[in-house]
Amino acid sequence: MHLQKPKGEVNQLSSPAETATSPSVEVKVDTTRDAMVAAIRTTLGTAVVDTLVKPGDDIWVRVTTESWCASIQALKDAYAFDYFCFLSAIDWMPSPYGRGEDDPSEPAPVRDTVIRPGYTGGDTRMQMLVRLVNSVTHLGINIKADVPNDSFTIDSICTVFAGANWHEREAHEMFGIGFTGHPDLRNMYLPSDFEGYPMRKDFPLLARMVKPWPGIVDVEPLPGGADDEKDGASEEGTS
Amino acid sequence: MRTFKNGSNTVQYPHEKEAPPIRARGVIALHQDNCTSCMLCSRSCPDWCIYIEAHKELAPPRREGGKPRQVNLLDRFDIDYALCMYCGICVEVCPFDALFWSPEYEYSEPNITDMLHDKTKLSEWMETVPEAPALEVGADKKKK
Amino acid sequence: MTILNDPVSAKLGNRQQLSYIASQAADARLNVELETEGMTLNIGPQHPATHGTLRIIARLDGEQVVWAEPSCGYMHRGYEKLTEVRTFPQVTSLINRIDWLGSFANEVPFILAAEKLMNVEAPPRAQWIRTILFELSRIANVSLFLGDLGVQLGAITPVFLAFRDREYVLNLIESATGGRFHPNFDRIGGLKDDLPAGWIDETKVVMKKLRNFCDEIETLLFGNEIFQSRTRGIGVIPRDVALQYGLSGANLRASGVDWDLRRDQTIPLAYDKVDFKVWTHPDGDSFARCWVRLQETREATKIVDQLLDGIPSGPVMAKVPKIIKVPEGEAWVSTENPLGEMGYYVVSRGDLGPFRVKIRSASFNNISITPWLLRGVYVPDIITILASLYFILGDIDR
Amino acid sequence: MNSLLSVVIPYWGQSLLRVLGGLVAVLLPAGTIVYIFLFKMMSFMQSRLGPMEAGPYGSLQLVAEVGKWLQKEDIQPTNADKPVFKMAPIIVLMSTFLLVVVVPFGPDAWFTNLETGIFYALAVSSISVLGILMAGWSSANKYSLLGGLRAAGQLIAYELPMVLAVMGVVIQAGTMNLQQIVVAQNAGSIFGINTFGNPYVITQFVGFIVFMIAIQAELTQAPFDMPIAESELVSGYMTEYSGFRFLIFFIGEFATAGVFAMIASTLFLGGWGVPFSWFGWTSMDSVSNWMNIVGPLIVFTKMMVLTFFIMWVRFTYPRFREDQLQRFAWKVLIPVSLANIMLTAVLKVVF
């Protein structure tokens, strides 16, 4: 998962069919973005763990947790990424509840609980995500960093971007990530006495629990007689 | 002052009614005998507001001497318009074209439980369904 | 907020600038002598000035605001959690309820992100129709802003003009997509249907009406000097603070940043086939923001006219499987929504629904600047500044 | 009033007649103003029809409105101090009735013929400020407190220009008695041409403009409606009122608009009189008797014309911020009206 995307070869995450059918960009080498990634690697040095460039699309850079604030400050000063787009977190654990559309009568389907991170890898469950854009050349960059599994804390970038204040408050109340150095981590949306972190995958969505799913097929079979094939034959093919 | 003379263009609702355009999504109409209760619409409804119950029956064979066909007959097909958000996914996903849009919009009810339209009411809406409008000049004629 | 060497206020014209400093100095002296303890006034959730339910807790000293902080969350519907339990077609019907004034504009970035992941491109005719409907929803959204701006400042008449002309645009959107506010017309790979007959020349007529609506508002509202005295030099946002807080759209262009996502990035919409001017204003005050939005509406009507002339013919829907499974991967697409830059960071795991969707809405950043901006401002100016920032509650609270 | 019907009415009869006349003189114009301007004209300007349902052409809307308000419950906030809260609207309305007493409607049709007519009118008009302050303070709600304070600041600031504007008229007419002012206007002539008499709106044009702006502010109408700024203070000092009390406030607002317009028309447009030269009258007593009937109608039409302007400005202009409002009053209106007085004084001496 950690290999840097060699020139021209598509990273294995997206299906090989992608390059074949994508009409607009064949296997085009995106010079500007590769040059930018190379430059970032030099300035940040060891902080950069993994980078990914999608030609003509976007850059992903993953930095180590400790150098989170320093690398963002470096990017802002060195490469004039001065536009703070947004800050958020991703919880990579697949949700144990699925979409609440399983038939209660049948045994609960088994769901994979393996934590597989997305682009530019990562080994913890939670990942921070910031997007900065250069307001002159309009080149965007997504910066990721792992949030340690045990303490779920990372240092705040309020000092670098004042706008991050609200985003961090939202991430704190939704994911339970602590931000050291944040002026006031009050809840943005939820009432102050709300316990639990809603956006975590293991937080149940009650709306889907309360009501049975009307989509479960209950077509009573023929009253006896020639119903040889399995009833509710038309059930497979979930839309 | 300019607006003073060109008068008003508000429509006095109780007296004159403004006809909604043909494609307006007012209410969903059900064409009963097209429906084979495959439940695709109630599966794909984001708000879970379509409730279907059906049972199997033997129907006369198409060609004489053939095996009697098994067909699902609808017992209950309700759409709860209190929950529905008129997204139109059910109308689109129905493989047997049993659901249609009709621009009817005057069906508000005093209490909310009446918003659950059962299949007879849905079939009543059928007459208000206009036929498909002609497409713009550049449109490609083949149906998707 | 040092006034003199600040590049922005140099353009205020020194007469305004001096009077502005004099008034600040006078008030500062007044506050020192009186030492009255402040009064906490919260401009509550149900308040005519907030477009929805936003509470602003302001600590006043007399008429002047010492500290103000908006507290939102009254409209929080938990969209990002809902998107995780829905399939892709269901999410589009959910998404266009975020910014309910320009609702078609919300669907487009999400659909583009999904198409980018699936590497599918909508046929040219679908792209053109998408851009036309995008601009129509911008006109519907911003024309309400122009009317509502008048009401916030006390003039009652403009809002009725705005609603009258906005009706024409909404009827157009309804006749094309079926829904006035929630069109739900976009599908991954194209559009649900094609335009009804006679729609194009009907739109041309409406565009003419919209243009003279813009002129009417320009003379009626922007022309009169009370409006100017209420908005010039109020709520000045310098360029670097705007960038730091991630302001976007007209608020950013009003502070002199020449950045329009329609022109500066390549997204599969028909913007590159249309030439339009991006309006910026050096001042960065409330008047600049309103002025930029007015010019943008007029520009949008011109864009729609050019698009209508050159619309290609052909299919509206690309070849896409009936049950959509988006391949694994992450994508970010943002477009120039009427309120600002709206973007979706879609992470998909290859099954029916998205794994995680981060919705970056414009108003959330636009409002995060208010604590910094509302310090030392009069009570009626809170309303002017909030009106000029033009946020929508659904956008902030998601 | 008594010589009108040349029958001797006992004294109590006269005062009863005057009370009835006062009520009619205040409420009737208030009602018509509300109906014509607020309902009909405003909606036409905003390209809509205005109320059509009540009555044939929406004419009974007013009756429906009053009915609605009467049956609404009259709430008093818990920790409001009750007596002040109850008294406030009555004081505001009282100032309107006191004001109308001094307005002349015809050669003999007047309520009282005070020697110091205009001076009395200006004094009485500042009572409404007290009423508003009481309302703002007593309804124990932050918004109405803010509204009340703003109203106090604004009304006092704008009374000065009003008084100074009236001074110009008084100097030119030489008397403070409104009846004499009317006669002076209609009988006088401008440099000898007396086809139009000498309505002070021509000679005192600056005073007229200042007076109209001051009235706009006195009634807390649109460009100056900080106290009832809907978008910030919900409805200023009237927020906590409902039912009958709010009805009194509402009538008060429009009645004062009507009465101020009447005073403005007497001061500047020649009150009840038509230029005497048209009928060959020379002085006060030679005016014929039927003028007592026609007089009030003329005053009514002139009042409607002036109210039309007030309302027109009200519907189109956004509102001032109150520090701009104060600055406008002190730095602009007062110097202008002072200059106007100097000018009139000089002209008076010269001619």
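This note looks at chain D of a predicted model and follows its helix 13.

1. Residues are numbered from 1 along each chain as its sequence is written, and chains are lettered from A in the order in which they are written. Because the model is predicted, local features need pLDDT of at least 70 and side-chain atom pairs count only at pLDDT 80 or more, whereas totals for chains, interfaces and linings use all residues.

2. Chain D contains 13 helices and zero strands, where helices (H or I, at least four residues) and strands (E, at least two) are DSSP runs numbered from the N terminus. Of its 351 residues, 46% count as buried, that is, with 20 or more other C-beta atoms, placed from the backbone, within 10 Å of their own.

3. Helix 13 of chain D covers residues 322-350, and its 29 residues should span 42 Å at 1.5 Å a residue, which agrees with the 41 Å between its end C-alpha atoms; the expected span is 1.5 Å times one less than the number of residues. This helix nevertheless bends by about 30 degrees at D:Ala329, the bend being the angle between axes fitted to the seven residues ending there and the seven starting there.

4. D:Ala329 is also one of the buried residues of helix 13 of chain D, which include D:Leu325, D:Phe328 and D:Leu333. The buried residues of this helix pack against helix 6 (142-173) and helix 9 (205-218) of chain D, with contact meaning C-beta atoms, placed from the backbone, within 7 Å.

Conventions:
A residue is buried if 20 or more other C-beta atoms lie within 10 Å of its own, exposed if 12 or fewer, and partly exposed in between; C-beta atoms are placed from the backbone. Two residues are in contact if their C-beta atoms, placed from the backbone, lie within 7 Å.
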